[in-house]
Structure formats: C-alpha cells, structure tokens
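Visitor: I should like a close look at one part of this model, the loop that carries a residue with unusual backbone geometry. Please describe that residue and its partners, and then the surroundings.

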Amino acid sequence: MARENSERSKRNTVVGVVVLVLAAVGLISIISAVVGAVSRSFDNSEKTEEYKAFVAPVIMSDPSPFDDVINADQSQLLSISIRSLLSSGLDPDAVEYSGTGMLIKKDIVEKEFARLFGTDVAPLHQTVDGGDGIQFEYNSKTGKYAIPITGVEPVFSPMIKDISEKGSTIILTVGCLAGTDWKQAANGDMIPPEPTKYLKIYLRSSGDGYYISSIKDTDPTETVATQSTTSETTAADAAGGN
C-alpha cells in the first residue's frame with residue numbers, strides 16, 4: 001500500500017510539474033480553441049483541424065524558413081520537438097522529476113522529432129534555446145533533457161488559409177497570428193488579429209502519414225490570389241457540372 005501511494009505521489013508530482021510548465025503557456029490552449037473556430041470558418045473538414053494541430057507547435061516557435069529539412073537549423077527543430085511534447089501532454093511515465101523541473105529521455109525527443117520532421121535527418125542532441133530566455137539543457141552522460149519549471153509564451157499560433165496538393169506533397173498556406181494581439185469582445189468572444197505573416201508549409205508523404213519537409217515565406221497578395229483562383233476554379237467546375 002505504501003509503495004502504491006508512493007507511485008501515485010510521484011505521478012501526481014510529475015503531472016504537477018507539467019501543469020506548471022504549461023501554466024504560463026495557458027495562452028496556447030485558449031488560442032488553439034479560438035483558432036480552431038477560425039479554421040472551421042475556412043473549412044470544416046477534419047483534415048483542416050488535423051493539419052492545424054500538426055503545425056501548431058512549429059508555428060508557435062517561429063522557426064527560420066528552410067527549403068529542405070536537411071538544410072534547416074537543427075537546434076531549432078530540436079527545440080520545436082521538445083516544446084511540442086510539452087504542449088501535447090506528456091505521459092507522466094515518460095518523464096522524471098528533478099528539483100528544478102523535468103527530465104525527458106532523448107529517445108522520446110527523437111520520436112517527436114521524427115513525427116514532425118521525418119527521418120531524412122537525425123537529430124543532433126545538444127542544449128537548445130527554449131524561448132523567453134530559457135534553455136532545454138542536454139546531458140550527454142544521462143541522455144536526458146532538463147526542462148525548467150517555467151513557461152514559454154507562443155510567438156505565433158496558426159490559421160490555415162489554404163490547402164493544396166502537388167503530387168504527393170501537401171502545401172499549407174498558414175497565417176501566423178501573434179499571441180499577444182488577440183482582443184476580447186464585450187460578449188467574451190475572442191477576436192483574432194490579422195496574420196503577422198504567411199508561410200507555405202510543405203508536408204511530404206511518409207508511409208501512412210506525413211512530415212514537414214520545407215517552410216517558406218509567402219506574400220499575403222499571393223495568398224489572396226491563390227484563394228481567388230481556387231474559388232473561381234470551384235465555381236467554374238460547379239457551373240460545368242450543371
């Protein structure tokens with residue numbers, strides 16, 4: 001019984017740390033829910049929600065664009081992978097508690113890295129910038145990352161503006177909404193800001209799933225033009241079918 005209580009206490013402690021780590025990032029869950037509503041106004045499909053959830057941890061870290069994942073800043077990809085784990089709700093059994101935060105094994109980070117960025121490049125484990133002046137410190141002897149008990153506000157949250165396909169590649173046009181620019185209406189509804197910038201995110205097929213192979217800046221006028229062309233094509237197809 002004592003052992004059972006000890007295990008339960010340990011689990012509760014770890015969960016508590018996760019909550020503390022995410023508490024200061026509470027804006028993520030709020031914005032995520034609101035952006036979900038915004039995305040549904042564009043396309044109510046499950047795929048839109050799926051893509052939004054997939055790119056959210058990437059967008060919130062505001063990574064530098066890259067033409068191919070093998071040329072990306074690997075330290076940024078590692079940081080994104082860790083932040084993605086924290087925002088997705090870690091299994092308490094997958095982490096350890098230390099006096100200053102949590103410890104996450106490198107193989108857990110590797111799995112998340114592969115889920116987001118594929119296996120074309122292997123992560124080079126190292127201490128990385130976690131944002132807002134904190135670091136995710138890597139210990140090569142233990143093979144674990146130390147996550148401090150603090151919070152990191154997301155730089156951006158995503159708004160899916162367009163989805164297109166080219167061969168086996170899915171191209172997402174994503175508006176980046178600044179996390180500090182949201183307003184609240186008198187009735188309590190959250191009002192999203194205009195996107196600060198737009199990105200093209202390329203998803204490459206990988207077995208039954210996909211991963212991010214490229215991130216490129218795109219011009220808002222190009223985004224509008226793309227959407228107009230898509231609408232005209234849809235209207236023409238509909239007219240031709242009548």
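Guide: The account below begins with one loop residue and proceeds to the contacts and the sheet.

The model is a predicted one. The residue in question is aspartate 62, which has a positive phi of about 50° although it is not a glycine. Aspartate 62 belongs to the loop that lies between α3 (46-59) and α4 (74-88). Its relative accessible area is 30%, so aspartate 62 counts as partly exposed.

Side chains of opposite charge can pair when their charged atoms come close. Aspartate 62 takes part in such a contact, a salt bridge with lysine 197 in which the closest N and O atoms are 2.7 Å apart. This pair connects distant parts of the chain, since aspartate 62 sits in the loop between α3 and α4 while lysine 197 is in strand β10 (residues 197-206), 135 residues away. Lysine 197 is partly exposed as well, with a relative accessible area of 26%.

A further salt bridge involves the loop between α3 and α4: arginine 204 pairs with aspartate 68, with 3.5 Å between the closest N and O atoms. Here too distant parts of the chain are linked, arginine 204 being in strand β10 and aspartate 68 in the loop, 136 residues apart. The two partners fall into separate classes of accessibility: arginine 204 is partly exposed at 29%, whereas aspartate 68 has a relative accessible area of 19% and therefore counts as buried, the limit being under 20%.

Elsewhere, lysine 144 forms a salt bridge with glutamate 96, the closest N and O atoms again lying 2.7 Å apart. Lysine 144 is in strand β5 (residues 144-148) and glutamate 96 in strand β1 (residues 95-98), so that this pair, 48 residues apart, also links distant parts of the chain. Lysine 144 is buried, with a relative accessible area of 18%, while glutamate 96 is partly exposed at 28%. Salt bridges with shared partners join Asp68, Asp120 and Arg204 into one network. The count of salt bridges comes to 6.

The helix before the loop, α3, contributes to the aromatic contacts. The whole structure holds 4 aromatic pairs. One of them is the edge-to-face pair of phenylalanine 54 and tyrosine 210, with 5.0 Å centre to centre and 80° between the planes. Phenylalanine 54 is in helix α3 and tyrosine 210 in strand β11 (residues 209-218), 156 residues apart. Both of these residues are buried. Ring pairs extend the arrangement to a cluster of Tyr51, Phe54 and Tyr210. In another contact with a ring, the charged end of lysine 216 sits over tyrosine 202, 5.2 Å from the ring centre.

The helix after the loop, α4, leads to the sheet. Five strands form an open sheet with antiparallel pairing, in the order β1-β2-β5-β4-β3. Its edges are β1 and β3 (128-131); each has a single partner strand, so one side of each is left without a neighbour in the sheet. Neighbouring strands of the sheet are turned by 30° against each other on average, direction ignored. Strand β1 is joined to the antiparallel strand β2 (residues 101-105) by 4 bridges. Helix α4 lies across β2, β3, β4 (134-139) and β5, and runs at about 50° to β3. Helix α5 (residues 106-117) also packs on the sheet, where it touches β2, β4 and β5, and its direction makes about 70° with that of β2.

Terms used. Residues are numbered from 1 along each chain as its sequence is written. Side-chain values use heavy atoms; hydrogens and water are left out. Helices (H or I, at least four residues) and strands (E, at least two) are DSSP runs, numbered from the N terminus. Buried means under 20% relative accessible area, exposed over 50%, partly exposed in between (1.4 Å probe, protein chains only). A salt bridge is a side-chain nitrogen of Lys or Arg within 4 Å of a carboxyl oxygen of Asp or Glu. Rings of Phe, Tyr and Trp (its six-membered ring) pair if their centres lie within 6.5 Å; planes under 30 degrees apart count as stacked, over 60 as edge-to-face and the rest as tilted. A charge sits over a ring if NZ of Lys or CZ of Arg is within 6 Å of the ring centre and within 35 degrees of the ring normal. Two strands pair if DSSP finds at least two bridges between them. Axes are lines fitted to C-alpha atoms, for helices over the stretch in contact, and angles run from 0 to 180 degrees between N-to-C directions. Contact means heavy atoms within 4.5 Å.
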